[in-house]
Amino acid sequence: MKKIAVIGSNGQLGNCIRKIAPDFENQYEFLFTDSATLDVTSEEQVNDFFYDNKPDYCINASAYTAVDLAEKEKERAFAVNADGVANLAQACIEHKTILIHVSTDYVFDGDTNLPYSEDDFTNPIGVYGESKRQGEELALEINPETIILRTSWLYSEFNKNFVKTMLNLFSQKTELGIVANQFGQPTNANDLAAAIMEIIEAPHKTFGIFHFSNYPETTWFEFAKKIAEFSKSSVQLNPLTTEQYPTPAKRPVRSTMSLDKIEEVYKIEPKHWEYSLEECVDLLIQQ
């Protein structure tokens, strides 16, 4: 039975993979690790884990994702998002393991009106994006048998995310201001988990960079309006500009990504973000 190592399994994506793992228990043995059991920044720990377990696939769902805090904690962000990825890529090539690494739309500067393709020039505008881009480069340089999945605006029923934050604020506030001039694609982490398993199940692997998210593009303001609609909240939402809501880290204005490549190569058809959002909101309300 083939083994799948899931690194960073206590995050949103890791928890979503945990959720669907029983559906594949007759095909794969899953090895779930978190930062407490496997520190990706430790080359020794990574090597020991691979030597002991010899996984066929390694899903790297671990990441330093505190976008604003990364501006102050640059060394930590690069240690996890770049050095940690390099450690995994090196172990993967030594043990003939296929690496599936999750990256971000923040590798782009957002200064465009067109969706980014996988081949477009990257130009991150913050430490988080810089560290994630370096992780991509190191992974592909060290291990050609790497599949990188760039995703965006990830949410789920697990951990902290925009959807859960909004639902919490809706219960406390009567009025909220939400940024309305930043564009991107909300992505349900459950859909990303399913896409990763589709790639693993594919009989032929194509390596390199792929984009995966839900579609089409929207703004944080429109995203929040749909969360309010699906949760039947009466909160009043007011559009803000980026300038009215300053943050330590600069965000891409429009980081919309083309999804054509993953559809063509792996026949994966992403869902409309409103459909996936409604599923998640319903699930959270029931909890």
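**Exercise 1.** In which loop is the place of Pro216?

*Solution.* Begin with the basis of the work: this is a predicted model, in which local features need pLDDT of at least 70 and side-chain atom pairs count only at pLDDT 80 or more, whereas totals for chains, interfaces and linings use all residues. Residues are numbered from 1 along each chain as its sequence is written, and side-chain values use heavy atoms, with hydrogens and water left out. Next, locate the neighbouring elements, where helices (H or I, at least four residues) and strands (E, at least two) are DSSP runs numbered from the N terminus. Pro216 sits in the loop between strand E10 (208-211) and strand E11 (218-219). Finally, inspect the bond that precedes this proline: the peptide bond from Tyr215 to Pro216 is cis, with omega near -10 degrees. Most peptide bonds are trans.

**Exercise 2.** Locate Lys54 and describe its phi and its accessibility.

*Solution.* Lys54 lies in the loop between helix H2 (43-53) and strand E3 (57-60). Its phi is near 45 degrees, a positive value in a residue other than glycine. For the accessibility, buried means under 20% relative accessible area, exposed over 50%, and partly exposed in between, with a 1.4 Å probe and protein chains only. Lys54, with a relative accessible area of 46%, is therefore partly exposed.

**Exercise 3.** Describe the open sheet, from its strand order to the helix H1 that packs on it.

*Solution.* First, read the order of the six strands, E2-E1-E3-E4-E5-E10, with parallel pairing; two strands pair if DSSP finds at least two bridges between them. Strand E2 (28-33) and E10 stand at the edges with a single partner strand each, so one side of each is left without a neighbour in the sheet. The twist averages 20 degrees from one strand to the next, where axes are lines fitted to C-alpha atoms, for helices over the stretch in contact, and angles run from 0 to 180 degrees between N-to-C directions. Then take one pair in detail: strand E1 (residues 2-7) runs parallel to E3 and is joined to E3 by four bridges, and Ile4 has Tyr57 as its bridge partner in E3. Last, helix H1 (residues 12-20) packs on the sheet, touching E1, E2, E3 and E4, and its direction makes about 150 degrees with that of E2; contact means heavy atoms within 4.5 Å.

**Exercise 4.** Is Tyr266 buried or exposed?

*Solution.* Tyr266 belongs to helix H8 (residues 260-266). Its relative accessible area is 9%, so Tyr266 is buried. Not counting residues up to four places away in sequence, Tyr266 touches several residues, among them Ile147, Ile199 and Phe210.
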